[in-house]
Protein chains: 2
Amino acid sequence: MKQIITINRTFGSGGREVGKRLADELNIKHLDKELINSIYKKTNIDKQILKNEDENVDSDLYNYSLSRSFATYQMPMSDHIQLETSKIIKEQASKNSCVIVGRCADYILRNENPFKVYIYSSDDNSRIERCFNKIPQDRETKTPEAMLKEIKKIDKKRSKYYSYYTGGDKDLMNNYNLCIDTSKISIKNAVKLIIEALKLI
Amino acid sequence: MKQIITINRTFGSGGREVGKRLADELNIKHLDKELINSIYKKTNIDKQILKNEDENVDSDLYNYSLSRSFATYQMPMSDHIQLETSKIIKEQASKNSCVIVGRCADYILRNENPFKVYIYSSDDNSRIERCFNKIPQDRETKTPEAMLKEIKKIDKKRSKYYSYYTGGDKDLMNNYNLCIDTSKISIKNAVKLIIEALKLI
């Protein structure tokens, strides 16, 4: 049976890692970097811009000059990218079992009845620590307070992106089927718990 | 090892049943009716009043005349009941493994590091159906819309109660370690999932 699992997360909670490990354990597709590559192939938008624009809807970017190759779209860069992202997610999910982290996938695939997971961390210190462990040099240059400020800024940016493209609230429990606190349950065990839940639905 | 599990829930999500079944499966105490009985023994407050006041902080009730037996307290009935509830919860949890549903137990026992669960239902229809199944005659006298209105009223009352005694938000994901949607995962399976999570923490 085809399984589609969408994961949303707060920054620093390990949601992306949960997604990757879950796809590995289930031996199914993990749409993440592959998404960026597919959009690149379809649109020729610079990969760095794609990365910067990923899950972004910052109004500063609405004034980007559109390059000749997609001048006909006449839409903000972020809308263009989201449209392509949406097409690829739908196309992939129609064919394969997959895990997709972020990118409004839960909304895009709402008619496919995905299992919707939210990964968060109730303890800000564990988010700060996870970020410092990921980029160790940040520990030397940033205070924990500054790190937390960055974390919250990214959370806000992602929530804004979600709200813009779905009209919904990314961080509302009611939008999910299972929400796991990775400051209490490790990433490895969160994956085990999701696999257990998939057997029970 | 002592295990303390607190469960909060939205009305009609089956949270109380999850608590009862979980305590049965783990063969540990379930503080629910027992709480009412203990408060009754300690205070002599009429059992019906105790039931009505359970998880309530409705301001109409602040003007209750205090009976002679506890006139010295000089506090609203709901505060008096919450104080006694809090004492009993602390006393029980200091001695035994237990499951406690509602009653701000997660806050009262915050220093005991409980495993905090939230049970909700992302589909209002499943809440309406659960309520109708519990009191079948309601199906004859109430429309689903009227039932939902009642459900939301009780949710609001409980959230107000939680906020009054803890200063926090009962329905905020960050206050919990595991949140389970019983419109996707059955009550029986939610219990299995919590037991699995307890093995993983």
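**Exercise 1. A salt bridge within helix α9 of chain A**

Task: In this predicted model, decide whether A:Glu196 is buried, partly exposed or exposed, and then describe how A:Glu196 is paired with A:Lys199.

Solution. Begin with the accessibility of A:Glu196, which has a relative value of 21% and therefore counts as partly exposed, since the term buried is kept for values under 20% and the term exposed for values over 50%. Next, take the partner, A:Lys199, whose relative accessibility of 61% means that A:Lys199 counts as exposed. Then look at the contact itself: the side chains of these two residues, A:Lys199 and A:Glu196, meet in a salt bridge with a distance of 3.6 Å from N to O. Finally, place the pair in the chain, where both residues belong to helix α9 (residues 187-200) of chain A and stand three residues apart, which is about one turn of the helix.

**Exercise 2. The pair in chain B**

Task: Find out which residue forms a salt bridge with B:Lys199, and explain why about one helical turn separates the two.

Solution. The partner of B:Lys199 is B:Glu196, and the closest N and O atoms of this salt bridge are 3.6 Å apart. The separation is about one helical turn because B:Lys199 and B:Glu196 are three residues apart in helix α9 (residues 187-200) of chain B. To complete the description, add the accessibilities: B:Lys199 has a relative accessible area of 60% and is exposed, while B:Glu196, with a relative accessible area of 21%, is partly exposed.

**Exercise 3. Salt bridges elsewhere**

Task: State how many salt bridges a search of the whole structure finds, and work through the one that A:Lys142 forms with A:Asp138.

Solution. Over all chains, the search of the whole structure gives 30 salt bridges. In the one between A:Lys142 and A:Asp138, the closest N and O atoms lie 3.4 Å apart, which satisfies the limit of 4 Å used for a salt bridge. Now consider each partner in turn: A:Lys142 is partly exposed because its relative accessibility is 23%, whereas A:Asp138 is buried because its relative accessible area is 11%. Salt bridges can also be linked into a network, as is the case for A:Asp124, A:Arg127, A:Lys152 and A:Asp155.

**Exercise 4. A positive patch on the surface**

Task: Name the residues that gather in a patch of positive charge on the surface, and say which helices each supply at least two residues of the patch.

Solution. The residues of this patch are A:Lys33, A:Lys41, A:Lys47 and A:Lys51. Two helices of chain A, α2 (33-43) and α3 (47-53), each contribute at least two residues to the patch. Take A:Lys33 as a worked case: A:Lys33 belongs to helix α2 of chain A, and because its relative accessibility is 68%, A:Lys33 counts as exposed.

**Exercise 5. Buried residues with polar contacts**

Task: Determine where B:Asp32 lies in chain B and where A:Ser97 has its place in chain A, and give a contact for each side chain.

Solution. Start with B:Asp32, which sits in the loop between β2 (29-31) and α2 (33-43) of chain B and, because its relative accessibility is 11%, counts as buried. The side chain of B:Asp32 is joined to the side chain of B:Arg16 by a polar contact of 3.4 Å. Turn then to A:Ser97, found in the loop between α4 (77-95) and β3 (98-101) of chain A; with a relative accessibility of 18%, A:Ser97 also counts as buried. A polar atom of the A:Ser97 side chain lies 2.8 Å from the backbone nitrogen of A:Gln3.

**Exercise 6. Positive phi angles in loops**

Task: For A:Cys104 and B:Arg103, give the value of phi, and then describe the surroundings of each residue.

Solution. The phi of A:Cys104 is positive, at about 60°, although A:Cys104 is not a glycine. B:Arg103, which is not a glycine either, has a positive phi of about 60° as well. This deserves a note, because most residues other than glycine have a negative phi. As to position, A:Cys104 lies in the loop between β3 and α5 (105-108) of chain A, and B:Arg103 lies in the loop between β3 (98-101) and α5 (105-108) of chain B. As a last step, the relative accessibility of 1% means that A:Cys104 counts as buried, and B:Arg103, with a relative accessible area of 3%, is buried too.

Key:
Residues are numbered from 1 along each chain as its sequence is written. Chains are lettered from A and ligands numbered from 1 in the order in which they are written. This is a predicted model: local features need pLDDT of at least 70, side-chain atom pairs count only at pLDDT 80 or more; totals for chains, interfaces and linings use all residues. Side-chain values use heavy atoms; hydrogens and water are left out. Patches are made of residues with over 30% relative accessible area and no salt bridge: like charges are joined within 9 Å, nonpolar side chains (Val, Leu, Ile, Met, Phe, Trp, Tyr) within 5 Å. Accessible areas come from the Shrake-Rupley method with a 1.4 Å probe; for residues, only the protein chains shown count as cover. Lys and Arg count as positive and Asp and Glu as negative; His and the chain ends are not counted. The place of a charge is taken as NZ of Lys, CZ of Arg, CG of Asp or CD of Glu. Helices (H or I, at least four residues) and strands (E, at least two) are DSSP runs, numbered from the N terminus. Buried means under 20% relative accessible area, exposed over 50%, partly exposed in between (1.4 Å probe, protein chains only). A polar contact is a pair of N or O atoms within 3.5 Å; within protein, one must be able to donate a hydrogen and the other to accept it, and residues adjacent in sequence count only if both atoms are side-chain atoms.
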